[in-house]
Each structure stands twice: as C-alpha cells, then as structure tokens.
Amino acid sequence: MPTAKIPPVLRASTGGEKEVDVDGETVGDALRSLASQHPDTERQLFGENGELNRYVNVYKNDEDVRVLEGLDTPLAGTDTLMILPAMAGG
Amino acid sequence: MSAGVDNRPCGGKYADIVASIGHTPLVELKSLSPKPNVRIWAKLESANPTGSVKDRVARALIEDAEARGAIQPGQTILEPTSGNTGISLAMICRRKGYPLKVVMPDNVTEERTQLLRMYGAEIEYSPGEQGSNGAVAKALEMAGSDPSYYMPYQYGNEANPRAHYDGTAVEILEELGDVAAFVGGLGTGGTLMGNARRLKEADAATLIVAAEPLQGELVQGLRSLADGFIPPIIDLALLDRKIFVSNRDAVVWTKRLIEEEGIFAGVSSGAVAAIAHRVAADLDGGNVVTVFPDGGWKYLSSGVYTKSLEELEADGTLETASFW
C-alpha cells in the first residue's frame with residue numbers, strides 16, 4: 001500500500017499524523033483515499049474541479065507528478081507520495 | 001564542434017565590473033561521471049563578480065528597467081531574495097547609483113547580510129520559517145503600499161530567464177556541439193526556463209531536468225498550502241523531469257565535489273550535481289550540462305564544509321538552514 005507523507009502545514013487536518021497509508025493505483029486515487037480518511041485535507045489538496053490545488057506539489061517518491069502524468073500517474077504499493085507546499089528560492 | 005577540452009585566455013577587457021559578468025568556465029566533472037561515454041559539465045557561476053549566477057539576472061533586471069525608462073539614478077529599488085540576487089543587485093545598484101532595499105528571510109547565513117551591507121543595501125527581514133515565500137509576500141506588500149519603490153521582481157520578470165537565454169545557454173552552445181541533458185536548480189525558475197528555451201531550439205531532444213530543494217520541515221512553516229508560491233515565469237511544460245533533493249543529499253554531494261573534483265561550491269551546486277549524476281546514469285552517451293550557482297564562501301559559517309554529516313544533523317543545520 002502506498003504511503004502519503006504529510007507536511008507540517010497539513011497535519012492539523014490529519015490529527016497530527018505524519019504518514020498515512022493510502023489506497024489507489026494512481027496518484028489521484030491515492031489522494032482521494034487520503035481525503036476520505038481525513039476530510040479536512042480535501043479542500044487543501046484539490047481545487048473546485050477536482051484538479052490538484054495549484055500551490056500543492058505532490059511527488060511520487062522524489063519526482064513531481066505534474067511533470068509525470070499528473071493525477072493519472074500510476075502508483076505501486078511500494079511508492080511514497082510526498083505532499084509539499086510550493087516553495088521558491090532566489 | 002566536438003566536446004574537446006581546450007584552454008582559452010581567461011578574462012578579457014571590460015569597461016567596468018558590471019560588463020564583466022558572464023563568460024564563466026565550463027568544467028568537466030570526470031570523477032563524478034557514472035559512465036565513460038557520458039560527460040558531465042558544470043558552469044561555474046562563482047566566477048561572476050559577486051560570486052553567483054545572479055549577477056547575470058540582476059544585470060538583466062536593471063538594464064531592462066533602464067531600457068524601458070522605468071528607473072533613473074536615485075530611484076530606490078526593492079526586491080525579495082534569499083540572498084544572491086540581493087547581493088548582485090547591491091553591487092550593480094552601488095555602481096549605477098540606485099539605493100537598494102532587499103527583503104530576505106532571517107535564517108540565511110551571516111555572510112549574506114555582511115555582503116549586502118558591504119555594498120550599502122538596506123535589509124528588511126522576513127520570517128525564516130516561511131522561506132523565500134515570506135520574503136516575496138512581504139516585498140509585494142511593501143511595494144503595494146509605497147509606489148515610490150521600483151521592484152524588478154525576479155520571480156515574474158521575463159528579463160530573468162532572458163539573461164540565460166541570451167547568456168548562459170549561448171555560452172554553453174559555444175563550447176558543446178550537443179547537449180543531451182541540462183540540469184538546473186529551481187529557485188525562481190530563471191536558469192531553467194532561459195536555458196531550456198535556447199537549448200531546445202538548438203536540439204528539441206535535449207532533456208531539461210529541474211532539481212529543487214526539499215526544505216527541512218522547520219522551514220516549511222507556512223500557515224496553509226494556499227501560502228505556497230509558484231514564480232509566474234515558470235512554465236512546467238518546458239521541464240522533462242522535476243526532482244527534489246534533500247538538504248542532506250545536497251550536502252553529501254557538496255562534500256563530494258570538494259573531495260573528488262576539487263570544486264568548492266555552494267550547497268545548491270551539490271543538489272544539481274546529485275541530479276546530474278542520476279540523469280547521466282540513465283543515458284548511453286552525450287553531454288550532461290549543469291549550472292553551479294555559486295561558490296561555498298557564503299555558507300562557511302553554516303559549518304557544512306567542516307562538520308561531519310552527523311554533526312550537522314545533531315546541531316539542526318540540515319533541518320533549519322536555507323541554502324537556496
């Protein structure tokens with residue numbers, strides 16, 4: 001089962017949990033599984049049309065899924081999903 | 001042109017220090033290449049006047065504003081920065097007669113504050129736990145409430161990627177006939193966007209790979225995910241891969257650069273080296289090019305060059321420091 005790593009900014013919505021086991025064969029399914037377990041995360045993870053929130057970066061292991069296949073990116077049971085706020089440098 | 005190595009006379013003759021920006025050396029990282037047919041090259045941006053790639057960007061931002069008639073000497077410039085852009089702007093503004101105010105996170109190394117003060121810049125600090133996002137938010141607020149500031153805004157100004165499109169990438173193509181992959185650090189997106197456009201024009205098959213920092217948890221102190229920030233100049237469609245690098249891995253590779261290549265580089269250079277090595281391992285041959293944004297001087301006080309990884313973990317440096 002894939003694991004979702006929860007950033008500090010989302011932990012108030014997961015009861016303080018840093019890692020949550022999620023179901024699904026795609027990134028989208030896994031995030032919806034997270035939202036069904038912790039409903040307060042849904043509004044932060046998804047926009048109104050069900051797309052990924054613009055300011056949330058989701059990584060399959062260490063690669064940004066937006067540059068892979070987005071929410072349709074396939075997931076294996078051994079994969080980790082890292083959820084992070086988009087941060088700048090410069 | 002083959003990717004032979006030749007020596008050219010270093011330097012040239014320039015009207016002033018600002019005109020001498022760019023034309024940095026492209027150095028092969030022989031020890032770090034995982035395959036004999038794949039050559040890894042790093043553009044050493046530490047050779048710029050203030051020691052970072054941001055000299056190119058700052059010059060482009062100021063010259064663009066001058067060309068548009070948006071500023072003239074005496075105009076106060078305001079800019080959010082994690083340090084390097086501020087230092088570059090400070091040098092150029094001192095040279096050209098513009099007072100400069102920068103907004104910078106309060107957890108950057110002391111060297112960055114010293115360099116900014118040395119060039120006469122005024123510093124406003126933003127909360128370190130919000131990273132550069134906090135500096136951007138504060139600078140936008142200041143510019144919004146005081147129209148006397150001119151803010152170049154490197155995150156949304158096309159002059160930033162253009163500095164690379166017209167500079168860095170052209171210099172790379174002058175030295176290497178073909179580029180199989182380009183690896184750039186993702187901060188404002190300027191390095192990646194400008195190089196990607198020029199390199200893909202030369203060869204649409206060139207892979208463009210972004211290496212981005214995985215901030216320590218203590219630096220992810222945003223109030224909500226809605227406080228996340230994506231620089232408007234970034235076009236994800238130009239990227240083939242986008243991979244994060246932890247502070248720990250970046251430091252490991254920064255140390256490897258010293259030990260195996262003799263290159264004293266900043267921590268973000270370690271991060272891009274890690275990804276360049278990974279990308280090289282997936283190729284059968286060709287040139288992998290990366291940009292080392294700065295040297296290590298500004299990070300000496302963090303201890304990353306003298307302490308062991310265990311010491312850096314124990315004292316919290318890897319969790320709290322801001323290297324990008």
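**Sheet, helix packing and chain contact in chain B**

In the predicted model, helix α4 of chain B, formed by residues 131–145, lies across the strands β3, β4 and β5 of chain B. The helix runs at about 145° to β4(B). The three strands beneath this description form an open sheet of chain B, ordered β3-β4-β5, and their pairing is parallel. Strands β3 (77–80) and β5 (122–126) of chain B are the edge strands, each of which pairs on one side only. On average, and with direction ignored, neighbouring strands of the sheet are turned by 20° against each other. In general, the strands of a sheet pair through backbone hydrogen bonds, in either a parallel or an antiparallel manner.

Strand β4 of chain B covers residues 100–105 and is joined to β5(B) by five bridges, the two strands running parallel. Among the residues involved, Pro105(B) has Ser126(B) in β5(B) as its bridge partner.

A helix pair was also examined. Helix α1 (residues 54–67) and helix α2 (residues 84–96), both of chain B, pack with their axes 8 Å apart and at an angle of about 50°. Because of this angle, α1(B) is oblique to α2(B). The crossing of α1(B) and α2(B) is right-handed. On the α1(B) side, the contact comprises Lys54(B), Asp55(B), Val57(B), Ala58(B), Arg59(B) and Ile62(B). These residues meet Asn84(B), Thr85(B), Ser88(B), Leu89(B), Ile92(B) and Lys96(B) in α2(B). By residue class, the contact of α1(B) with α2(B) divides into five nonpolar, three polar and four charged residues.

Between the chains, 31 residues of chain B are in contact with 21 residues of chain A. On the side of chain B that touches chain A, the elements giving two or more residues are α4 and β8 (241–246) of chain B. The residues on this side of chain B divide into 14 nonpolar, 13 polar and four charged. Helix α4 of chain B thus appears in both settings: it lies across β3, β4 and β5 of chain B, and it gives two or more residues to the side that touches chain A.

For chain B as a whole, the secondary structure comes to 10 helices and nine strands. The radius of gyration of chain B is 19 Å, close to the 20 Å that the globule rule gives for 324 residues, and chain B is therefore as compact as a globular protein of that length. The C-alpha trace of chain B spans about 55 × 50 × 35 Å along its principal axes.

Terms used. Residues are numbered from 1 along each chain as its sequence is written. Chains are lettered from A and ligands numbered from 1 in the order in which they are written. This is a predicted model: local features need pLDDT of at least 70, side-chain atom pairs count only at pLDDT 80 or more; totals for chains, interfaces and linings use all residues. Two strands pair if DSSP finds at least two bridges between them. Helices (H or I, at least four residues) and strands (E, at least two) are DSSP runs, numbered from the N terminus. Axes are lines fitted to C-alpha atoms, for helices over the stretch in contact, and angles run from 0 to 180 degrees between N-to-C directions. Two residues are in contact if their C-beta atoms, placed from the backbone, lie within 7 Å. Angles under 35 degrees count as roughly parallel, over 145 as roughly antiparallel, 65 to 115 as roughly perpendicular and the rest as oblique. A crossing is left-handed if the near helix is turned anticlockwise from the far one by less than a right angle, and right-handed if clockwise. Ala, Val, Leu, Ile, Met, Phe, Trp, Tyr, Cys and Pro count as nonpolar, Asp, Glu, Lys and Arg as charged, and the others, Gly among them, as polar. The radius of gyration is taken over C-alpha atoms; the globule rule is 2.2 Å times the number of residues to the power 0.38.
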